[in-house]
Amino acid sequence: MNIWIQIIGILVALGVLGWLFRFAGQKATNNKPFFRDMTFGVAFGYALGAAVLLWILTTYYKAITADGQVEVNKYFFFRTVIEWFVKFSIAAYLFRLVFRYVGTAGTRKLFRNMPLTASFGIMIILVYAFVAIFAGVIAPHGQEEVFAKVNVLPGGDPAIGGDPDFPLGTDQIGRDLLSRLIYGAQNTVGIAFATTCLAFLLGGTFGFLAATLGGWLDQLVSRSVDVLMAIPSLIFALLLMTIAAAWAGSNKELLTVYMVLIIAVIDSTRVFRLARAVGLNIVVMDYIEAAKLRGEGLGYLIFREILPNATAPLLAEFGLRFCFVFLTIASLSFLGVGIQPPLADWGTMVRDLGQFINFAAFSPQTASLPLLAAGAIALLTVAVNFVVDWMLHKSSGLKE
Amino acid sequence: MSADDPLLSVKGLKIEGRSDETWNPIINGASFDLQKGEVMGLIGESGAGKSTMGLAAMGFTRDGCRISAGTVMFDGVDLVTASAADKRALLGSRIAYVAQSAAASFNPAHRLIDQHTEGPTQHNVMSRAESEADGIELYRKLRLPNPEEIGFRYPHQVSGGQLQRAMTAMAMACRPELIIFDEPTTALDVTTQIEVLASIREIVEEYNTAAIYITHDLAVVAQMSDKIKVMLKGDEVEEADTRTMLSDPKEEYTKSLWAVRSFQRPSKPAVHTSATPVISVQNVSAAYGKVPVLHDVSFDIHEGRTVAVVGESGSGKSTAARCITGLLPPTQGHIEFDGQMMPLDYRKRDRMQLRQAQMIYQMADTALNPRKTIGELIGRPVQFYMGLTGNEKRRRVEHLLEEIELEPTQYINRLPSELSGGQKQRIGIARALAAEPKFIICDEVTSALDQLVAEGILRLLAKLQDELNLSYMFITHDLATVKSIADEVVVMKDGRVIEQGPKDDMFTPPHHPYTDLLLSSVPEMDPDWLTNLLNERGVDNIGDAAVDKM
Amino acid sequence: MASILRIIAQRLALGILTLFVVSIVIFAAVNMLPGDFAQAILGQGATPEAIKAIREDLGLDQPPVTRYLQWLAGALQGDLGNSFAQANFASFAGTTATANSASVAAQLGPRFENTMFLAGVTAVIAVPFSIFLGILAALYRNSVFDRFTNIFTLSSISSPEFFLAYILILFLAVLNPLLPSLSNIYEGMDFGDRLTKTLLPALTLTLAVTAQLMRMTRAAIINLLASPYIEMARLKGMSPMRVIVKHALPNALAPIINVIALNLAYLITGVVVVEVVFVYPGIGQLFVDSVKIRDIPVVQACCLLFATAYILLNLTADIMSIISNPRLRHPK
C-alpha cells in the first residue's frame, strides 16, 4: 500500500511543479503564446521530463561515486548503459560530421539532412558488415577451437579467474567467447541476409507477376499466401523445423540450409503482399497503360517500367524483413532449433550463457555475457530500424 | 469600432511554409479590407497561395505553415496574436468556412444535422432544438430536396452538389459575419455547379454576410463577388471592384488571364461524305463487368479534323476512348481504322495498328514514368516502332523536342519531376508524335493545367495538326475548349450520344434540350450572367433540377 | 442492416474455410516426415513387428485422407490424439497407455489456461497504456516527447524478446529482488501469488507489444488528424478535447481495434520465447519441448491451437471494423 501512496504523492508534486512552471513562464515572458496556450497536460509533461532527467543524473552521480564492491556492482549496468549511450551518440555525431565533408555530392547532401538516429544506424550497419566480412582476421581464435581452460571468467584479470588471452573468458568446453561473438556476426548476420535475399527473390517475383498479369494467377497465389499467413510465422517455422530435423538427421549443416529455405518461404509471403500492393499501385498509372498500348512485352513492363518505381518501398521493406528474419533466426537458435553448433551464433550463445545473469550482484562482467550476445542482436536491428524509419519518413515527406 | 470600420482588415500578411528544414515564403505580404456584407473574389492559378490566405483570414494555418508577419484584424481582434481560446470563440460562430470537398469535410461518423447543430450549441447561440429547426429552414432556403429529412442522413448517403449546399448551411448555422468559401464548386459538374452558385449567392445576400470567395475560375468569381483580388505565386497583383477589373485590368498578368479565352482556331471545311474516315466507331456498346456504360455509340473522325467528345462525369466519354484503344473491348459493334476492321482487344492488334492510334493523358504526372529521362521517354517509341538507335534515334528525339517547342539540349537529360506541368504535357505530346500516328486521342489534356498554360497546349496541338495532318479525338468537359479547337462535336450523356454535328451547327440554336442546358450552364465573364439566367429560366429550371425533368 | 449481416456471414465463412485449409496444411506438413510415426516413436533399432503393431494401433496403415478426416473429427470433439512421449513412457512401464494419461488434450488443457492468463495480464496492462501513449504521441507529434518515444519504441521492437526478458530479470529480479525470475505456476495457487509470478513474463511481453501497439495507434491517429473533417471541426471553433473525442475517436475506432487485434495475434508468437525464458508452464513451452523431442501429435495440436487463435483474432478485428464503419452500417 505504501508504494501507492508514494506514487500518488509524486504525481501530485509533479502536477504542482508543472503548474508553477507554466505560471512562472507566463509571468516571466509577459504571456508569450508558448506559455499562454500551454495546456496543463503539457506543463505536467515538462515537469515529468525534468524529474526523469534529474533521477538519471543523480543515479549516475551515485554510480560514479559508489564505494565498495557491492555498491559498484549494483550500479555497474546503469553506468555502462549511460556511458555507452553517450559514447554512441558522440560517435554517430562525428560520423555524420565527417560524411558531411567526405564523399560524393549526393552522399554529402544526404548526410546534411540526416537525423542523428539514422547516421547512428548507418554507422552500426557498416561496423557489423566489416566485422562479418573480416571475422577471420579480427577474431583472436577460431570459432570451433577448444582450449584446455574452461569457464574462464571475463575481464582478463587472473586474480578473479580471468585470463588476458580470453578477454571475455571461455565457455564450459573451453572455446573463446570473444572469437565466438565475432564469428557470430558472420554466421548470424550472413545467414539472415541470405535468407532475406531469397525471400525477396521469391516474393518479389510472384508479387510483381501477380500485379501485372492479374487474373487466375493472381487469385491462386494470393489465396495460397492468405492461408500460409493465417499460421503465425514463428509457430509455422517451428513446425516445419521439426520435420526438417527428421529429414536432416544428424547432418547439422543440412538442417541450417533447411532453416534458411523454410524461413525464406514463410517470409516471402509478406514480401509477396507488399510487392503486389506496390505493383498494383504502379500498374494503374497511365504510363503503364501507355506502354501496354505501345505493345511492350511483360519483361519490359516489369523490369523497365514497374521495378524502377518500386525500389524505394522495396528497399525499406528489405530492411524491415531483414530485421524480422534476423530476429526469427535468433529466436529459433535461442530455442535450440535454429543455427546448429559448432557454428557460433548469438541466439545459441544467449541460451547457453543465460543462467549467468543470476551472478549480476557479485560478478557483473559475467552476468553481462548473455546480455552482450543478445545486445549484439538488438543493436543491429535497432540500427536497421532507425535507417528504415528515416527512409520511410523521407519518402512520405516528399509525397506531401 | 465605428460603423464604417472594415469587418476584416488584413495588413502586410506574410506566411511561410516549412520544407527541407527551412522556412520558405508562401505569401509575401498581402493586405486587404473587407466591409460588412461585402464579397471579395480571391483569384489565382495553382500555387498562388489562395487557400493559405483564406485560412489565414481566420487566423488559422495548416501544419508546417506559420504567419511570420502582419495582422489580421477581425472586428477589433488581431487573429494572429489572439489566444487559442479567443480564436475558438470566433471560429464557427462569427467566421465560418466552406471547404472545397464537402464529401471529405463532413465527418463520416455523424449525421448532417448533428454536425450542423454542433456549432450553435457549442457556441451557445441556440439550443439543439432551435438549431435543428433552423437547419431545416436553411436546407429549404438552399433548395435541398426533402429538407426535413435530408439532415438525418449520413454524408455518404448524399450527392456531392447537395453536400456542398449542406456545408454552406452548416457555415450559416450561427449566422456568421464572414464566410470563407474555398473553391466550393471546383469538383462539381457545370450543371450542378450553377445550382450551388445560385444558392450560395442568394443566402449570402439574404443575411448580408461578408465573404471571401476563393477560386481559379474567372467567370465564377465574376458572378459571386463585389470586388476581385488577383494573386500570383504569393504576391498580390491587383485589386479592384468586379466590373472595373473585368473591363479594365491594369496589370499585364491580369490582362493575360482575361485574354486566354480569345484563342479560336478557324474551322475547317466539312469533309466529303464519301471520304473514308480515319476512325469509325460503329454501334459500339460496352460494359464494366455487368454494368453497361456505353449504348450504341457511333461517330466518325476524318483526316486532319478534330472531333470533340463532350459530356459531364459519368457520361461515358473516356470509356469510348478505352474502346477505341482496345483497353476495354466493346460487347457490341466494331471499330474501323482507314476502312479496315480493327481487332477489338489491343493485345490482338499488331504493332502497325497500335502505332497509328496514340493517346495523350489528362495527368501528365502519371502518364510519364518518373524514373526515365525525357530522352528515354520519347526515344522508346522511336526505337520500338521505327527501329532507330544511336545517333539516328537521338536526332529524331531532338527533332521531336523542337516540334513541341522545348530546347533539346536543355531538356533531353532531365527527369519529368524537373519540368513544369505544361512542359510535362508537351512531353506527352512528343511521345505520341514519336510513333508517327495518324490519330491521337486527347483525354482532358488541358483540364489539369492553368488557363495560360492550357492555351499554349491548345495552340501547339492546332499547329501540329496543320503540319502533320493529324486527326484528334478531343475528350473534354469544358465547352470553352470545344469552341476553340473542335471541327465537330459529339455530346454524350449516360453512355449515349445525345447530339452530334459540325461545331458551328452545335453552337447555334436550336439545340437538343440537354445540349442547351449544358451550354447555358457554363458561366460567362459577364457579371450579370447568372442574374440574367435566373431571370430568364427561373431557379427551378437550372442545373440538376432541370436534368431530372428531362 | 441486411447487407452488413451478409458481409459478416461471408467473413465468418471465409474464416472457417481458412481454418480448414490450415488444418490440411498442418496435417500434410507432418505427413512429409520420412518414414512414419511408428518409426519416429520407436527409433531406428525397432523390429519390423513392433513397428507394424504400432502402425495398426495408431491407424497408420489407413490412407492419408481417411487419417486426416479421423484426426479432424477427433480435433473437433476435443480429442487431439495421444502424445508420443507419454505413449512411450507407458509402453516402457509395461502398461497400455490409457486415453487419459497420454491424451494431448489432457496435457494442453491446464497449460492453455496458463497461457491465456499470461496473455490476459499482458493485454490488460499493455492495451490501455499503449493506446494512451499512442494518442499522446500523435497529438504532440514531432515534439521532444514524440521523438523520444519513437527512439524508445523502435529499440524495443528491434530487441528480441529474450533480450528484454533478461534485462527485466537483471533489474527487477537480480539487482533489485522485487519479482521472481522463475514462474513456477501450479494448480490451486492463490491469485495474488500467481499474478506476482506471472508479472515478469507479462511485463516482457508488454514491452514488446506496447511498442508495436503504440506506433500503430500513433500512425492511425495521425492519418486521421490529417483528414479535412478534422480541420473543419477546428475551423468550427471546437475545443481540442471535443475534436478528439467527438470527431476523431468514432472514426479511429476501426483502425485501433484492428491494431489491438493484430498485436494480440502477435502475442501468440511472442509467448513462445517468453515462456521458455521464464520456464512458464504454458502452451509455448510445451510446443518447443515437443518440437525438440519430435512429439508429432503435440506439435500438431499446438500448431492448430495457435493458428485457430490467430485466425479468430484477425476475424474479430475484421468484423469489428466492419461494424464500426458508418458507410456499411447505414447503406445508401
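In the predicted model, the contact between chain A and chain C draws on 46 residues from chain A and 42 residues from chain C. On the side of chain A that touches chain C, at least two residues each are supplied by helix 4 (68-99), helix 9 (215-229), helix 10 (233-248), helix 13 (298-335) and helix 15 (364-399) of chain A. When the residues of this side of chain A are sorted by character, 33 are nonpolar, 10 are polar and 3 are charged.

A second contact joins chain B to chain A, and to this contact chain B gives 19 residues while chain A gives 14 residues. The side of chain B that touches chain A receives at least two residues from each of helix 13 (351-356), helix 14 (364-367) and helix 15 (374-386) of chain B. Of the residues on this side of chain B, 12 are nonpolar, 4 are polar and 3 are charged.

Chain B itself contains 24 helices and 20 strands, and its residues are assigned to domain 1 (8-254) and domain 2 (279-508). The centres of domain 1 of chain B and domain 2 of chain B, taken over C-alpha atoms, are separated by 37 Å. Along the principal axes, the C-alpha atoms of chain B occupy a box of roughly 75 × 55 × 45 Å. The radius of gyration of chain B is 26 Å, which agrees with the value near 24 Å that a compact globule would have with 550 residues, the expected value being 2.2 Å times the number of residues to the power 0.38. Within chain B, 47% of the 550 residues are buried, a residue being counted as buried if 20 or more other C-beta atoms lie within 10 Å of its own. Among the contacts in chain B with a separation of 6 or more, 68% are accounted for by residues 24 or more positions apart.

The confidence of the prediction was examined both for the model and along chain C. The model scores ipTM 0.86 and pTM 0.85, and chain C averages a pLDDT of 81, with 87% of the residues scoring at least 70. Confidence in chain C is highest in helix 11 (residues 228-235) of chain C, at a mean of 91, and lowest in helix 6 (residues 99-102) of chain C, at a mean of 50. Over residues 89-100 of chain C, pLDDT stays under 50, and for these residues the model has 10 contacts beyond four places in sequence.

Key. Residues are numbered from 1 along each chain as its sequence is written. Chains are lettered from A and ligands numbered from 1 in the order in which they are written. This is a predicted model: local features need pLDDT of at least 70, side-chain atom pairs count only at pLDDT 80 or more; totals for chains, interfaces and linings use all residues. Two residues are in contact if their C-beta atoms, placed from the backbone, lie within 7 Å. Helices (H or I, at least four residues) and strands (E, at least two) are DSSP runs, numbered from the N terminus. Ala, Val, Leu, Ile, Met, Phe, Trp, Tyr, Cys and Pro count as nonpolar, Asp, Glu, Lys and Arg as charged, and the others, Gly among them, as polar. Domain bounds come from an automatic or database domain assignment. pLDDT is the predictor's confidence in each residue, from 0 to 100. A residue is buried if 20 or more other C-beta atoms lie within 10 Å of its own, exposed if 12 or fewer, and partly exposed in between; C-beta atoms are placed from the backbone.
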